[in-house]
Amino acid sequence: METLYDDLDRAVHQIQQVVRDGTPESVSGDQARRFVERFAEAERAAASGVALFTPVVVETGSFAKEGHASAQDWLGAHSGSSAGAAKGRLAAAERAAVDPSLTEALHEGALSSAQLAVVTKAAAEAPESTGNLLELLDQGASHQELSDAAARHKAAARSRENERARRDRVHATRHFRWRQDDSGGIRGEFFCDEVEWARVAPRLEARATELWKAAGAGAELLEAYRLDAFLEMLAGSLDHSGSGHPGDPKGSSSSKGAPVHAIVVIDAAALRRGTSEGDELCEIEGIGPVSVEAATELLSEASVRYVIREGFDIKTVTKSTRDVAACLEAALIVRDRTCGRPGCGKRLGLQIDHREVDFGDDGPTELDNLVRLCPQCHALKTYGGWRLEGEPGAWKWIAPAHPKSAHYIARARKLAAAKGQAARAARQRNFPRRD
């Protein structure tokens, strides 16, 4: 074992030497990217090593020999983290030590501390989930995809009584906090039950998307307009003058368009049974997994749309316009729960893209030619030349012969947005609206 320690000691000194001697300003962007990817790989291996050996330190009490009163203080001091964060890492390591499959994954140096925390927390509630989650990581799943899968397993494993207790705890600790940031501006956070948020989120997301598109859908991120929409809705709800629609104080088109719905995606078997099992779906679109009991609370609300999955073949439905038929949209929502790019995992603001043959090239609006992508991945495909090939559940993200930088893609996206705005302005001049 001393030989292994000596090998580790030399490896650490070599990494430190690279960091000391490295001159980031002298390398290209591609070279810097390779350095970062290798450093990240070393970081995962190091996190796996920490998780493997810390339970022995805890069990033997060896941390006290360095004058530390607790194991978390010792680990926090050496890892440069808070005692609270160190305590979480210790708990995850101890849970992993009694799971052979997790121990094997750690020996392969494959788990970051964040990934280990997600897997072990899921295993505490749903022991059978470990294999599935490790398989997802082997397939290159993002942290968001891993977290979503873990949440589904935990939701399926909870009894109705445990789920009610969980939601009661959430409700009891609900909060909305804000403060002025040291650098200026206001920073806030909130915490609430998923069902309560589902009553607000669809209208917020619809208005944010409307504002983002009106601004050209290019210069700023959608999340910036999400804040604008939130503040607008809040101002409208507090306005007692009666001059505007709630959440639409200026009388914008959001109050005149199609109704906005919360969408619940649920497997028919889970709905009939009253609980979900294994990989069965019960999710609120854009929010995540919930219990069947929580989802059915929304049944009586007109602003909620249910998509029930049970062998509904929708491949034959097509349209000759960019508009997607309601049943085709439902099929896409069920199939593409997150952004289609492997490893992305984003679930908010997803856009429908003609995947293989673009609409401008007479691409059909049918399920096999459509995919849901987040705005950033959509831009990579549209302006960066990336392609999505394969099939749902096994998509492959294919690079172009000469990949473009993020700066190039941002400029192309901004130019396209400007052209789109000019075209809309021209149409408005030629065909003015008559209210």
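**A predicted fold and its nonpolar patch**

Of the 435 residues in the protein, 34% are buried, where buried means under 20% relative accessible area, exposed means over 50%, and partly exposed lies in between (1.4 Å probe, protein chains only). The model is a predicted one, so local features need pLDDT of at least 70 and side-chain atom pairs count only at pLDDT 80 or more, while totals for chains, interfaces and linings use all residues. Residues are numbered from 1 along each chain as its sequence is written, and side-chain values use heavy atoms, with hydrogens and water left out.

The secondary structure adds up to 17 helices and 10 strands; helices (H or I, at least four residues) and strands (E, at least two) are DSSP runs numbered from the N terminus. Take the contacts between residues at least 6 apart in sequence: 56% of them join residues at least 24 apart, a contact being heavy atoms within 4.5 Å. About 26,000 Å² of the protein is exposed, and carbon and sulfur atoms supply 54% of that area (Shrake-Rupley method, 1.4 Å probe; for residues, only the protein chains shown count as cover).

Part of the surface is a nonpolar patch with about 850 Å² of accessible area together, made by Phe-176, Trp-178, Ile-186, Phe-190, Leu-227, Phe-230, Leu-231 and Leu-234. To join a patch, residues need over 30% relative accessible area and no salt bridge; like charges are joined within 9 Å, and nonpolar side chains (Val, Leu, Ile, Met, Phe, Trp, Tyr) within 5 Å. A salt bridge here is a side-chain nitrogen of Lys or Arg within 4 Å of a carboxyl oxygen of Asp or Glu. Strand E1 (175-180), strand E2 (186-191) and helix H12 (222-238) each chip in at least two residues, and H12 gives the most, with four. Leu-231 sits in helix H12 and is partly exposed, because its relative accessible area is 45%.

Elsewhere, four strands make an open sheet with mixed pairing, in the order E5-E4-E3-E6; two strands pair if DSSP finds at least two bridges between them. Strand E5 (288-289) and strand E6 (304-309) are the edges, each pairing on one side only. Strand E3 (residues 262-267) and strand E4 (residues 282-284) run antiparallel and are joined by three bridges; Ile-266 has Cys-282 as its bridge partner in E4.

Finally, Ser-82 is found in the loop between helix H3 (71-79) and helix H4 (83-96). Ser-82 counts as partly exposed because its relative accessibility is 45%.
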